[in-house]
Amino acid sequence: MSYKELTQVVSGNLRDLKQGNPELMKGFAALSSAATKAGALDEKTKELLALAIAIAIRCADCIAFHTQACIRLGMSKEELEELVGVAVMMGGGPSLMYGSHAIAAFKEFSAA
């Protein structure tokens with residue numbers, strides 16, 4: 001499955017979850033909005049952090065969504081490559097493998 005397809009499938013599943021548990025999704029949306037709102041750190045920096053964490057904890061779905069957001073906010077290939085280095089430092093070898101997922105997602109979303 002491509003990263004574009006992955007985000008579409010997960011988004012569809014989350015819409016279903018929102019119908020079944022709207023309070024949960026409303027709460028998560030509020031948390032996400034508050035956490036990524038520009039403050040001492042700008043929105044791009046916060047998304048870069050989220051992507052590094054997604055790689056370190058090995059969440060392919062999170063990698064897809066946060067890579068897409070980082071590209072929207074202007075992340076360069078060089079920033080991604082350095083970000084992967086920090087994620088690998090924090091998450092070890094498995095994070096290196098998931099870092100390759102972020103590289104693939106970047107290529108796919110950048111081509112759109």
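In the predicted model, the buried residues of helix α1 are Y3, L6, T7, V10 and G12. These buried positions pack against two other helices, α4 (60–72) and α6 (93–111). Helix α1 itself covers residues 3–20, and its 18 residues should span 26 Å at 1.5 Å a residue; the end C-alpha atoms are 26 Å apart, so the span agrees with expectation.

Helix α6 has 19 residues and reaches 28 Å from its first C-alpha to its last. The expected value at 1.5 Å a residue is 27 Å, to which this span is close. Buried in α6 are S95, G99, A102, A105, F106, E108 and F109. The partners against which the buried residues of α6 pack are α1, α3, α4 and α5.

The packing of two helices is described by the angle between their axes together with the distance between those axes. For α1 and α6 the angle is about 95° and the axes are 9 Å apart. Because angles of 65 to 115 degrees count as roughly perpendicular, α1 and α6 are therefore assigned to that class. On the α1 side, the contact is made by Y3, K4 and T7, and on the α6 side by H101, A104, A105, E108 and F109. By residue type, this contact divides into four nonpolar, two polar and two charged residues.

The largest nonpolar core has 14 residues. Those with the most contacts inside this core are L51, I55, I63, M75, L80, L83 and A102. Two or more residues each are given to this core by α3 (43–57), α4, α5 (77–91) and α6. The most comes from α3, with five residues. A second core, separate from the largest one, has six residues, including Y3, L6, V10 and F109.

Individual contacts were examined for L80 and T67. With neighbours within four places in sequence left aside, L80 is in contact with L51, M75, A102, I103 and F106. T67 lies in helix α4. The relative accessibility of T67 is 0%, and T67 therefore counts as buried, the cut-off being under 20%. Not counting residues up to four places away in sequence, T67 touches L51, M75, A102, A105, F106 and F109. Of these partners of T67, A102, A105, F106 and F109 are among the buried residues of α6. L51, M75 and A102 are also listed among the residues with the most contacts inside the largest nonpolar core, and F109 belongs to the second core.

Key:
Residues numbered from 1 in each chain as written. Predicted model: local features only at pLDDT ≥ 70, side-chain atom pairs only at ≥ 80, totals over all residues. Heavy atoms only, no water. Helix = DSSP H or I, 4+ residues; strand = E, 2+ residues; numbered from the N terminus. Expected span 1.5 Å × (residues − 1). Buried < 20%, exposed > 50% of the residue type's maximum accessible area, 1.4 Å probe, protein only. Contact = heavy atoms within 4.5 Å. Core = buried A, V, L, I, M, F, W, Y, C linked by side-chain atoms within 4.5 Å. Axes fitted to C-alpha atoms, helices over the stretch in contact; angles between N-to-C directions. Parallel < 35°, antiparallel > 145°, perpendicular 65-115°, else oblique. Nonpolar A, V, L, I, M, F, W, Y, C, P; charged D, E, K, R; others polar.
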